[in-house]
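Please look over the predicted model shown here before reading the notes on it.

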Amino acid sequence: MTAAMRWPVPLLLCALALSGCGQPASNGKTVIKIGSASPLTGPQAHLGKDNENGAQLAVDEINAAGLTIGGKPCQLQLLAEDDQADPKTATTVAQQLADDGVAGVVGHLNSGATIPAAKVYSDAGIPQISPSSTATAYTRLGFRTAFRVMSNDAQQGGVLGQYAVQTLGARRIAIIDDRTAYGQGLADEFARAAGAAGAQIVAREYTTDHATDFLAILTSIKAQDPQLVFFGGMDPQAGPLARQMRQIGLNAQLLGGDGMQTEQFIRLAGNAATGAIASTPGLPLATMPGGRQFESRFTARFGPVQNYAPYAYDAVYVLVDAMKRAGSADPARYLAQLPSTDYQGVTGRIRFDAHGDLSSGNITLYKVEGGHWVPLQTLHSHS
Amino acid sequence: MRRRQRSAWIAGTLLAIGLACLPLLLQIGLGRSWVRIADLALLYTLLALGLNIVVGYAGLLDLGYIAFYAVGAYVYALLDSPQFGLHWPLWAVLPLGAASAALFGVLLGAPTLRLRGDYLAIVTLGFGEIIRIFLNNLNAPVNITNGPQGISLIDPLHFGTISLAAPHRLAGLTLSPPLQYYYLFLACVLVVVFIALRLQDSRIGRAWAAIREDELAAAASGIPVRNVKLLAFAMGATFGGLAGGLFAGFQGFISPESFNLMESVMVLCMIVLGGMGHVPGVILGAVLLTVLPEALRMLGDWQLNHLGRVVADPDDLRMLLFGLALIAMMLFRPAGMLPSPRHRREWRKDARP
Amino acid sequence: MDILVQQLINGLVLGSVYALIALGYTMVYGILELINFAHGEITMIGAMIAVATIGALSGGALPIPVILFTGLVAAMAGCMALGYVIERIAYRPLRHAPRLAPLITAIGVSIVLQNIAMLIWGRQYIAFPPVLPQGWHTLLGARITDLQVAILVTALVLMLVLDLLVHRTRLGRAMRATAQSIPLAGLMGINGNRIISITFLIGSALAAISGFMVSAYYGLAHYYMGFLLGLKAFSAAVLGGIGNIRGAMLGGLLLGIIESLGAGYIGTLTHGVIGSNYQDVFAFFVLITVLILRPSGLLGAPATDRA
């Protein structure tokens, strides 16, 4: 965008801020801007674009069906920004969306970007719904504007901890995490839940998100003879970890979170992947209430669903639902309606707890059988 | 002489007016997000000026410089956040952060001073990683840094009850938070520029230059090499710590992943590209390298809007460009884009026998 | 007891890989007094080429040993060419520039290689094709796999060959002479540039072999893997005394064992106050301590400072 093109925008914004409503579009409808923020370049670009596409699909469907808020015909417009999955860029982008006068934001993809951006949205009073950030801290910052439509790490770790003890029957458990915000958060919640369910944590070891050699920590874990090894981290580490467990003859069940529930894990672990169990928040697309229809509509326009598109899609509907109930697209007015959301979306029934988390989220467990992740069962988390 | 002084005054005044108006122009022309980018550019300028003292003035290659930035940021975050429930005033926290960073600078410097340039590079790199690893793990057995989760809800920079995160009205103008940060950071940069320029021409500055050019000769001519080197580390670290404190208050959230090795390399790139040892060059490098990723981001947006997809991912190209620039600079223009006269002489290819 | 043996085996295998990479650092440093930061990245490129070649060939009609050998040769050829080019383009023109210059160039080369690898092979981790034997033996109550034995034997043989090359051949004598002084060696009729190129070729070949080993051992390759490996190997070279070939071997093996025992036992020793989360600190800590207490390393002769 050139400077020359941007000159009138702030003037329009001033007018917009003064009138307290959206600017009229050429067809006489009031335009409501929705922001989408996610990495569109870099290593997670495919996931970021997926989120944007999910939101775009919702926006287009709502516009096609016709939207009326407070008796006035309205039209949604999606502003997609690239946060590069970087905390500093995320705040810049958040500022930009706030300046552009968005009524709500769907984003960001990563917790590391979502958390610093949340402050900017909170200061501007703009509701934010993250479709994919799972760090528990995001909704614990005390911002009224922060919501998410995905189970958080505490919910996932808690469900996994109970599952390990009650379903898998593990009494002696070893835990490894990769010292990232995600891995450590998940592992801590897992440890708490597994301990509460009566298991003994016999070893707590650590690695990093660049490591490839886990033999030293696995050997000292082997000395404790655990029945289950829980790994909080991502697939590039989980894959070789599974191989090295087999290499030193550590015959314990490997359990992990969504960072491990990927095709890459199976590729890297080779035949050592067989039998590993991992969870992912949400339902498999095929078993979501509106999953199949969503998938066919989405695929027809954008190609295969990567991961979180259905959540971004639902997030837009949740925002619009609150606007309809408030009879206004003014953030100051409709924000108050968001906590009382009760919306039946593609991903399930969406209601929020006092923090802005899902009051009941789905966690699905998968097991590697025959070189593929096969769904085992879906559990429910409660806040 | 008098005439030169007058034109210097005029240039200075114009520069001051330009710097004061720049964010307003940015805000009107490109939006407030660009004021935030200007804020970041000023922070990186502070960092680069600090590293310039160590690398540019004293010729000590420090690859772990970001550790001092981290120390400053964490001191601010710990003393001004719900982490310990402390909310210290700015005038106490910022100097304390800078002083802590200086202390770490001396701690690092003291045992490593005997090392030659390339050993020093590796040891400082290791030091930077050690600091990061500690910050990442000091959440147990006693939770000090909150580990990988980082510290959130850090108090914004504030003077008494006046918080820079809230807009204020001044003489009929509404100052948005990014604007207020801009003026605070600009003031800090000006102070640091002043100190850096004065240092360069001082006795100490000349001692640094002597050490940089030939340590043995410098020692032989009576320069207390050890202390002078330590001073360089401490001064550089102080500026890094100050920048870190400002960053923590500006961003409101910090975590160890913001202080990785790549950041150290980035700051090094800034001073190498701009011109080692030359304050205007360093500033140019810092501003260019902060704005460049932003410009590249626009390139990505442009591709999405006009081509429908990202053909050449700017994030893929960014580091490649930096790497190539580092090599090309050393081969063809080793003294940087805006070299200092002394460095230009020094870095001529045939300068060493 | 078998746990300790197992940790020692883990450490020895890891250490022998470090040692092979450390040799590349130490040989270049011995002659040019230059830390070739990009050496870790050359190792990475070796791993990438090996995995890509083996991946392309496996599934075809060729027998597995032929496939592995082709992968290794391709990696060695690629890395030797790369090492030669890097020296010619990035280091040779700066041989008389101030010390900082080649160091900064080396960092630049390192960044460029990483990003080129990323553009060619993508950001994903690539899996090593499952063509390797997976057998294992019991040794004093611990497990040692066929692959670990192969890595240990290969590394030891290579180190022996290199030691003989440097200390018993004409070329080795020329290399040692060049390390003493390039101009003086020139007076003796030794072409310094040629020796330096040969040194880079040998170091890069060793890096390629280590890259092949690492990717086979851990079953993967990735564009970022060279950085940490290089750093560890460099620490090993310094630990043993940089510039000293036998020192690099000793330093590598020692560092591998220190890391393995450290990560394995630190938690027990400190009752969990410090755990394996500090394992990456050990390498740096050893490095810094050695540099402070004995700057010339374990086996290095006290270096004369020509700052």
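The notes below take up the division into domains, the contact between them, and one helix. In this predicted model, local features need pLDDT of at least 70 and side-chain atom pairs count only at pLDDT 80 or more, while totals for chains, interfaces and linings use all residues. Residues are numbered from 1 along each chain as its sequence is written, and side-chain values use heavy atoms, with hydrogens and water left out.

**Domains and their contact**
- Chain A is divided into domain 1 (3-150 + 286-352) and domain 2 (154-281 + 363-382), with bounds that come from an automatic or database domain assignment.
- The contact (heavy atoms within 4.5 Å) takes five residues from each of domain 1 and domain 2 of chain A, whose C-alpha centres lie 33 Å apart.
- About 370 Å² is buried between the two domains of chain A, with carbon and sulfur atoms giving 48% of that area; buried area is the accessible area (1.4 Å probe) that two parts lose on being put together, summed over both.
- On the side of domain 1 of chain A, A:Thr134, A:Thr136 and A:Met150 supply 72% of the area buried against domain 2, more than any other three residues.

**Helix 7**
- Helix 7 of chain A (residues 181-196; a DSSP run of H or I, at least four residues, numbered from the N terminus) has 16 residues and reaches 23 Å from its first C-alpha to its last.
- Its buried residues (under 20% relative accessible area, 1.4 Å probe, protein chains only) include A:Tyr182, A:Leu186 and A:Phe190.
- Just after helix 7 of chain A, A:Gly198 takes a positive phi of about 105°.

Technical notes
Chains are lettered from A and ligands numbered from 1 in the order in which they are written. Helices (H or I, at least four residues) and strands (E, at least two) are DSSP runs, numbered from the N terminus. The expected span of a helix is 1.5 Å times one less than its number of residues. Buried means under 20% relative accessible area, exposed over 50%, partly exposed in between (1.4 Å probe, protein chains only).
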